[in-house]
Amino acid sequence: MTEPLVDVTGARRRRARARMQRRLRIAGIVAGVIALIGGVAWVVLGSPLLAATEVRVTGNQLLTADQVAQAAAIPLGGPLAQVDTGAAAQRVREALPAVATVEVDRAWPNAVSVAVTEARPSVVLALPGSWVWVAGDGRSFHSTPEPPEGVLEARGNLSDEDVLVTLARVADTLPQEVVDQAEAISAGSVDSVVVELTGKRRVVWGSAEDGELKGRVLVPLLKVKATEYDVSAPTHPTSR
């Protein structure tokens, strides 16, 4: 019998058609992916469906939401994805001294979230008709007709910024047991801080160094009846 002839040319053509079909399928898939990416990009960057239309402010008590939103200066109406959150946060920090920290984030689909943490007063300054709140870095950021509860008045050489910062630092390290008995905190220089207590008593604190150690030493020392307590050298405290 005669062996059947192999159709070499036909086999080659079928393989070629199969390769072409695979290439066309791959090209179709790639085109579909590109179209999908383009559609998503348009929705995110060009569609009004994801435009920035609202600024949500949280964490504010001293400041109004409008003050924070105005400081952030976030352009509304444009794509939410293009909002520069870092620049907005920087504008808030620079414009509002009452803001200690701020985080600006996108809140999809249409809002920008501005979360602020406001500064707290370390000391207050008495001015005619008002009390100025001073943060731990010596920055004044708010004022009220009455002093906030539990915050000491700063006295002394307050025109010296270093002195004011030192007073704020010391006030932040005072134990609550001391604050409860204190009326004011004063200094003529950065090394001469005095805590003025009720009953015409005083604490010679010295500099802001070793604040935690001084506080631990002072609490039991206050149980001794005296008019002056000296913890400027905390390893050798004295009273008289």
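Reader: Let's start with a loop: between which strands does Lys200 lie?
Author: Happy to, with a word on the model beforehand: it is predicted, so local features need pLDDT of at least 70, side-chain atom pairs count only at pLDDT 80 or more, and totals for chains, interfaces and linings use all residues. Numbering runs from 1 along each chain as its sequence is written, and side-chain values rest on heavy atoms, with hydrogens and water left out. Strands (E, at least two residues) and helices (H or I, at least four) are DSSP runs, numbered from the N terminus. The loop holding Lys200 is the one between E9 and E10.

Reader: Is Lys200 buried or exposed?
Author: Its backbone has a phi near 60 degrees, a positive value in a residue other than glycine. Buried means under 20% relative accessible area, exposed over 50%, and partly exposed in between (1.4 Å probe, protein chains only). Because its relative accessibility is 81%, Lys200 counts as exposed.

Reader: How confident is the predictor on average across the protein chain?
Author: The score to look at is pLDDT, the predictor's confidence in each residue, from 0 to 100. Over residues 38-45 pLDDT stays under 50, yet 88% of the residues score at least 70. The average pLDDT of the chain is 89.

Reader: In what order do the strands of the open sheet run?
Author: Two strands pair if DSSP finds at least two bridges between them. The sheet has 9 strands with mixed pairing. Its edges are strand E6 (140-144) and strand E12 (238-239), each pairing on one side only. Reading across, the order is E6-E5-E4-E7-E8-E9-E10-E11-E12.

Reader: Which residue in E9 stands opposite Ala182?
Author: Strand E8 (residues 182-187) and strand E9 (residues 193-197) run antiparallel and are joined by 4 bridges. Opposite Ala182 in E9 you will find Leu197.

Reader: And at the E6 edge, which residue takes a positive phi in the hairpin of E5 and E6?
Author: E5 and E6 pair in the antiparallel sense over 4 bridges, and Val134 has Ser140 as its bridge partner in E6. The hairpin leaves 5 residues between the strands. The residue with a positive phi there, near 85 degrees, is Gly138.

Reader: What angle does the direction of H4 make with that of E8?
Author: H4 packs on the sheet, where contact means heavy atoms within 4.5 Å. The strands that H4 touches are strand E4 (123-127), strand E5 (130-134), E7, E8, E9 and strand E10 (201-206). Axes are lines fitted to C-alpha atoms, for helices over the stretch in contact, and angles run from 0 to 180 degrees between N-to-C directions. On that scale, H4 and E8 make an angle of about 145 degrees.

Reader: Which residues touch the most other members of the largest nonpolar core?
Author: A nonpolar core is a set of buried Ala, Val, Leu, Ile, Met, Phe, Trp, Tyr and Cys residues joined through side-chain atoms within 4.5 Å. The largest one has 31 residues, and its largest share, 6 residues, comes from helix H4 (residues 161-173). A second, separate core of 27 residues includes Leu80, Val104, Val124 and Trp131. In the largest core, the members touching the most others are Ile185, Val195 and Trp205.

Reader: Glu153 is one of the contacts of Ile185; is Glu153 buried or exposed?
Author: Glu153 lies in strand E7 (residues 152-156). Beyond four places in sequence, Glu153 touches Val124, Ala126, Trp131, Glu183, Ala184 and Ile185. Because its relative accessible area is 16%, Glu153 is buried.

Reader: Which side chain makes a polar contact with the side chain of Arg56?
Author: Arg56 lies in strand E1 (residues 54-58), and its 41% relative accessibility makes it partly exposed. A polar contact is a pair of N or O atoms within 3.5 Å; within protein, one must be able to donate a hydrogen and the other to accept it, and residues adjacent in sequence count only if both atoms are side-chain atoms. At 3.5 Å, the partner of the Arg56 side chain is that of Glu54.

Reader: One last detail: what is omega for the peptide bond from Trp108 to Pro109?
Author: Pro109 is found in the loop between strand E2 (99-107) and strand E3 (111-118). The bond from Trp108 to Pro109 is cis, and its omega is near 10 degrees.
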